[in-house]
Amino acid sequence: MTDFQTPYGLIGRKLGHSISPEIHAALGNPHYSLYELEPEELPVFLADTRLKALNVTIPYKIDVIPLCKTLDPLAEAIGSVNTLVRQEDGTWKGYNTDAYGLRCMMRAGGLSFDGQNVLILGNGGVSQTIQAIAKLDGCASLTVLDIVGEHTYEELPQHFETTTLIVNATPVGMYPNAGKSLVDLRDFPNIKGVADVIYNPQRTQLLLQAEELHIPYAGGLVMLVAQAKQAAEHFFGEPIDDVKITDIGGEMQKDAENIVLIGMPGCGKSTIGNALVKLTGRRQIDLDAEIIQKAGKPIPEIFAEGGEALFRQIESEVVREQSANRGVILVTGGGVVTREENYAPLRSNGRIYQICRPIAKLAREGRPLSQNADLNKMAEIRMPMYQRFADTAIENNTTVQDAAERIWRDFCAYTRSEWSEFEHAGNS
């Protein structure tokens, strides 16, 4: 049986990747624990009167309802509970703060259910909330597909033409199984928006494709932070200003998102990365060094034995592995952009900076493809690739420290701006 730790916490079956304790600590409650429970443990655990308030996640958002004496009207209407508060008589009252979080997420992405033909992927607890809010907020039509049940993913082609808004309410695309999506957005000619409740990675494969196709989208971190804010209001009976969503969410995204450096061989990525380490306190991961470790031999030997094809294969494997890190500085090799498959893992949880330096100033030593190459021709081929990958370009034409500081200023401003919707929202 799971042991009591603190009066507040999160209950679910698998919670290893949860960041809820950090969010609630930032909201002023450091007494928040993770409680992993098996289904048969649920009634006995909730009977412990030392527990004062809890959040609920997969797979118990519906299972806890019979264990509540009372339900908030919205939770009752939705049929899903993600917040429990102990009442004076010792019983539980159930609330649904996912609804508030969902509306905040939609607003942050410039999305609305109003008048949309909505396709929801998944039919679990969070899906129940999305379905209810989609109806309450005026969707024109609603379709829910799942692996099993009355309507399955086999029916997807029937909804290609009509769907205008897609919401992923499944774990498909979540770390450690990132890079997967249940749908191909190119099949939906009339799509106007995409939302995904997953928050790790920051951008799932579904959202990356939406970004590529210039479709408005929203990710799950906003929903997670916003629902936690409202849950904390229920926990302690005190209102919390919506600006907290910006403060906490922006800081969490800044701490979790990677800084990725790309650019021509010898442009100064490693030295700028070292300067960023000193400036930010982050860990630097040099992908070339990781390739050497993975292959068990120096890069020139990899080229000698298998040519560039073998090197690029190992490089792509390392990119996938190392991009799963959070809050680090990733220094890539100059040719990482030559394989399109490297873009998604680098971008899924990172902001990508192209380091620009005049060709005449590029270092060649220790770079097999640079030593005897026509770097002008290489740049001509690769420059469109760097521009395709990069979120922004940084000129390395003064000092290394100046370049690092410009990257860090941009990164901090960018992560804050992602949450500007709640900056001056006032009280909830």
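How far apart should the ends of α7 be, given 17 residues at 1.5 Å a residue?

## Helix α7

In this predicted model, α7 has 17 residues and should span 24 Å. Its end C-alpha atoms are 25 Å apart, which agrees with that expectation.

The helix is mostly covered. Of the 17 residues of α7, 15 are buried. After α7 comes Gly237. The phi of Gly237 is positive, near 70°.

## The largest pocket

Helix α7 also belongs to the wall of a pocket. The largest pocket has a volume of about 1,100 Å³. Its lining is made of 41 residues. Nearest the centre lie Thr57, Ile58, Lys61, Met174 and Tyr199. Three elements give two or more residues to this lining: β3 (53–56), α5 (125–136) and α7 (220–236). The greatest share comes from α7, which supplies four residues.

What classes of residue make up the lining of the largest pocket? There are 21 nonpolar residues, 15 polar ones and five charged ones.

## The second largest pocket

The second largest pocket has a volume of about 580 Å³. It is lined by 29 residues. Closest to its centre are Gly179, Gln205, Leu208, Ala344 and Pro345.

Two helices contribute here. Both α6 (205–212) and α12 (343–348) supply at least two residues of the lining. By class, the lining of the second largest pocket holds eleven nonpolar, nine polar and nine charged residues.

## The sheet

Strand β3, which helps line the largest pocket, is also part of a sheet. That sheet is open and has six strands. Their order is β2-β1-β3-β5-β6-β4, and the pairing is mixed. In general, the strands of a sheet pair through backbone hydrogen bonds, either parallel or antiparallel.

Which strands stand at the edges? They are β2 (32–36) and β4 (70–71). Each has a single partner strand, so one side of each is left without a neighbour in the sheet.

Further in, β1 (residues 8–12) pairs with β3. The two strands run in the parallel sense and are joined over four bridges. One residue pair can be named: Tyr8 has Ala53 of β3 as its bridge partner.

## Two elements to remember

Two elements link these sections. Strand β3 pairs with β1 in the sheet and gives two or more residues to the lining of the largest pocket. Helix α7 gives the most to that lining, and 15 of its 17 residues are buried.

Terms used. Residues numbered from 1 in each chain as written. Predicted model: local features only at pLDDT ≥ 70, side-chain atom pairs only at ≥ 80, totals over all residues. Heavy atoms only, no water. 1 Å grid on protein atoms, 1.4 Å probe; cavity = no way out; pocket = protein on both sides within 12 Å on 5 of 7 lines; lining within 4 Å. Points joined across faces, edges and corners; volume = space filled by probe spheres on them. Nonpolar A, V, L, I, M, F, W, Y, C, P; charged D, E, K, R; others polar. Expected span 1.5 Å × (residues − 1). Buried < 20%, exposed > 50% of the residue type's maximum accessible area, 1.4 Å probe, protein only. Pairing = 2+ DSSP bridges.
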